[in-house]
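Colleague: Please look closely at the charged pairings in this structure, and then set them against their surroundings. I should like a connected account rather than a list.

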Amino acid sequence: MKKLKSKLFFIQAVLLHIILTVVVIIVSWQLIEPNAYNFMIKNFVATKNSSDDIAVVVIDDKSIAYHRWPWPREYYGKIINYLNEYSKTKIIGYDAVMTTPDTSNPQSDEYFYNAVKNTKNLVVGFMALPQNYENESGTAYEQKFLSKFHPNVYTDPSLLPFTGYSSLSLYPKEYFKVAKTVGSVNVSQSDNTILSELYQVIAVNGNYYPSLGLRMYMKMYNADTMELYPDRISVKNTNLNVPAYQTPLGFQSKIKYYKERQNSQYTHKKYSAIDLIESYEAIKQGKKPEIDPKEFDGKIVFIGANAKAAALGLEDALPSPLMSRHPGVDIQATNLDNLIHNDFLKTSGFLQDFVTIIGMVILTLLIIGKCPFFISIALLLILSGGYFGASVYEFSHGVAVTVITPILVQLLTTLFGYSYRFLQEWRNKEKIKRAMGIYLSPDIMKKVVQNIDDIKLGGKRANVTVLFADIRGFTSMSEKMTAEEVSKILNEYFTEIEPIITKHNGVINKFIGDAVMAIFGEPIQDINHPVNAVRCAYDMLKKVDELQDKWLFEGKPKIEIGIGINTGEAFVGNIGSEKRLEYTVIGDTVNLASRIESYNKVYKTNFLISSSTYSYVSSIVDVLKISEVQIRGKAKKMDIYEVLRLN
């Protein structure tokens, strides 16, 4: 039964630890791990510069100061013409979505459309939307969009079905005609969260479209087929393999950020849009441009907007691990930078995280179980520090692992392990105390525990009352019964009288064969110890009378006891050696109590007390005085008293 309770306690402890661990993991992944991820990205991943072959042209505050917002579309056309006519750019990405024509200035729109039409290496942005089309014309538009812009797609059969977006942003009719290649500018960022991932591929009503950066990559390498697998995206006839995972809306991948360039809020080289426009006008007029178009030869250029001063929502910035307002056009440039250089941030999978956490738990429990406390604490600190160091190494080498969760699980396991160990030790101590309480008086045990750090030989002199009780005719009874039968009777007798002694503040000091020695006044402090000792003896005799009737009914021999009590000063404390102690009382008071008890045989009595005890209890007892008794070991004769009854 005890083993079953112990196993049950262990199982309950394990289940509790598992439940708490799951709670810690969930809370950590939701609240702590994202911040740890951002810290690692900023300090150990974004440590190298982005490619110098990628630049961003931004409609910034300087540009808005030149001409208030909204800009006429011809300004965008001039930027595109500048790059197309005077530079040999590899490819241009237009990080903007046009949905309505400028009816108040159609000539400006026409200028822009012509610039788009004449630029062969231009990829423009579009947006997928969650809401349905307002009418059937939207569905018809999507079919045309799919026919013109959709790349070839291979999908692995094991892919899960996509929920996908429900509609596309609608281009103006003329813009749809001149656009040659498009890419999605959707990002996978919820409100008030850090942008750590980007949609490389989105699903719209069962059809797949690449991101702006991925589409630019495909155009650069004349590739037209995407290959979608559960854990990656590939582009046919290239060496591109993007670590990605499937979501209901598409495929997401981690963004591997680069170092910010001289506190500019951009990680790629940035140009003000107005500088390119003025340079274009200068070249047209035969003047020297502010920006030499040759700067863009062989470069990849992104065009976007991010003007903080604009009052009409022109700022396109999102929180990233690097900064609170990271320009969106720079994030798109970062994505293409990752794609071109196969420079990706992989993530640890569920299995790796699970093995890591289990390993931390096992190592922690082994350390706690095998090592002393201070050594184990040192080792556990080394373990957690080592894991953090390993996490830094993994991040710096392009692998995003869970950073804080395993350390929190280790901390939980440490607290749990030591709590369990403490409870087990407490339970074991309680078992020992209960076991030792069978051999020692509970009060003596309590005194030992209270002075556990100061156990030594010695004690004190104290006024006590000593009670001896002995079974009459025990020797002759033993000769007629087996040892087992004698043992059974003795055990029953001692079991019945022990509570009586305890009830009257007495302490059983020892069992001596068929005799019992009890102390009153120590270690339990009791100023009425003589009275309580006498009352105890009287109750013991009544209990023996009850047992005699029971034993007679059971066919067992009749047992009678004799009790002797003496009160006086004695030495109370630890007697023995440094390695083996016994808490007891010694002195003439003890010897006299024993000898008084023996006179019960002489005078055919059951209950004798000394004159010193009688002086304390005379008011509560009726006695028969036995005068002038010669006690062995005493020079003078003394009076003893037979207790007849209590008043």
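Modeller: A salt bridge is taken here as a side-chain nitrogen of Lys or Arg within 4 Å of a carboxyl oxygen of Asp or Glu. The model is a predicted one, and under this rule 25 salt bridges are counted in it. Side chains of opposite charge can pair when their charged atoms come close.

One of these pairs is formed by aspartate 275 and lysine 62, whose closest N and O atoms are 2.9 Å apart. This pair links distant parts of the chain, since aspartate 275 belongs to helix H8 (residues 273-284) and lysine 62 to helix H2 (residues 61-66), with their positions 213 residues apart in sequence. Aspartate 275 has a relative accessible area of 8% and is therefore buried, the limit for that class being under 20%. Lysine 62, at 44% relative accessibility, counts as partly exposed.

A pairing within one helix is found between aspartate 539 and lysine 542, where the N to O distance is 3.9 Å. Both residues lie in helix H16 (residues 529-553), 3 residues apart, which is about one turn of the helix. Lysine 542 is partly exposed, with a relative accessibility of 44%.

Strands are joined by the salt bridge of lysine 625 with aspartate 639, in which the closest N and O atoms are 3.3 Å apart. Here lysine 625 is in strand S27 (residues 621-629) and aspartate 639 in strand S28 (residues 638-646), 14 residues apart, and the pair links distant parts of the chain. Lysine 625 counts as partly exposed at 47% relative accessibility. Elsewhere, Glu492, Lys550, Glu554 and Lys556 are joined into one network by salt bridges that share partners.

A further charged pair of residues is described here by its polar contact. The side chains of lysine 256 and aspartate 343 are joined by such a contact of 2.7 Å. Lysine 256 sits in the loop between strand S14 (250-254) and strand S15 (269-272), and its relative accessibility of 10% places it among the buried residues. Beyond its neighbours within four places in sequence, lysine 256 is in contact with Val45, Thr334, Asn338, Asp343, Phe344, Leu345 and Gly398.

Two buried serines extend the account to uncharged polar side chains. Serine 234, in strand S11 (residues 232-235), has a relative accessible area of 6% and is therefore buried. The side chain of serine 234 makes a polar contact of 2.5 Å with that of asparagine 241. With neighbours within four places in sequence set aside, the contacts of serine 234 are Thr225, Met226, Glu227, Tyr229, Leu240 and Asn241. The C-alpha atom of serine 234 is 9.5 Å from that of tyrosine 154, which is 80 residues away along the chain. Serine 391, in helix H11 (residues 373-396), is also buried, with a relative accessible area of 1%. Among residues more than four places away in sequence, serine 391 touches Met40, Val401, Thr402 and Val403.

The nonpolar surroundings complete the picture. In soluble globular proteins, nonpolar side chains tend to be buried together. In this model the largest nonpolar core has 51 residues, of which Leu83, Phe112, Phe145, Tyr171, Tyr175, Leu276 and Phe296 touch the most other members. Helix H3 (residues 73-86) gives the most to this core, namely 6 residues. Another core lies apart from it and holds 40 residues, among them Tyr493, Phe494, Ile508 and Leu547. The contacts of leucine 83, leaving aside neighbours within four places in sequence, are Thr89, Ile92, Leu276, Phe296, Val301 and Ile303.

Helix H7 (residues 212-220) is largely enclosed by the rest of the structure, because 7 of its 9 residues are buried. The buried residues of H7 include Arg215, alongside nonpolar ones such as Leu212 and Met216. Just after H7, asparagine 222 adopts a positive phi of about 50°.

At the surface, a nonpolar patch of about 910 Å² is made by Trp29, Phe350, Leu351, Phe354, Val355, Ile358, Ile362, Leu363 and Leu366. Helix H10 (residues 350-370) supplies the largest share of this patch, 8 residues. Phenylalanine 350, which lies in H10, has a relative accessible area of 63% and is therefore exposed.

Definitions and conventions. Residues are numbered from 1 along each chain as its sequence is written. This is a predicted model: local features need pLDDT of at least 70, side-chain atom pairs count only at pLDDT 80 or more; totals for chains, interfaces and linings use all residues. Side-chain values use heavy atoms; hydrogens and water are left out. Helices (H or I, at least four residues) and strands (E, at least two) are DSSP runs, numbered from the N terminus. Buried means under 20% relative accessible area, exposed over 50%, partly exposed in between (1.4 Å probe, protein chains only). A polar contact is a pair of N or O atoms within 3.5 Å; within protein, one must be able to donate a hydrogen and the other to accept it, and residues adjacent in sequence count only if both atoms are side-chain atoms. Contact means heavy atoms within 4.5 Å. Patches are made of residues with over 30% relative accessible area and no salt bridge: like charges are joined within 9 Å, nonpolar side chains (Val, Leu, Ile, Met, Phe, Trp, Tyr) within 5 Å. Accessible areas come from the Shrake-Rupley method with a 1.4 Å probe; for residues, only the protein chains shown count as cover. A nonpolar core is a set of buried Ala, Val, Leu, Ile, Met, Phe, Trp, Tyr and Cys residues joined through side-chain atoms within 4.5 Å.
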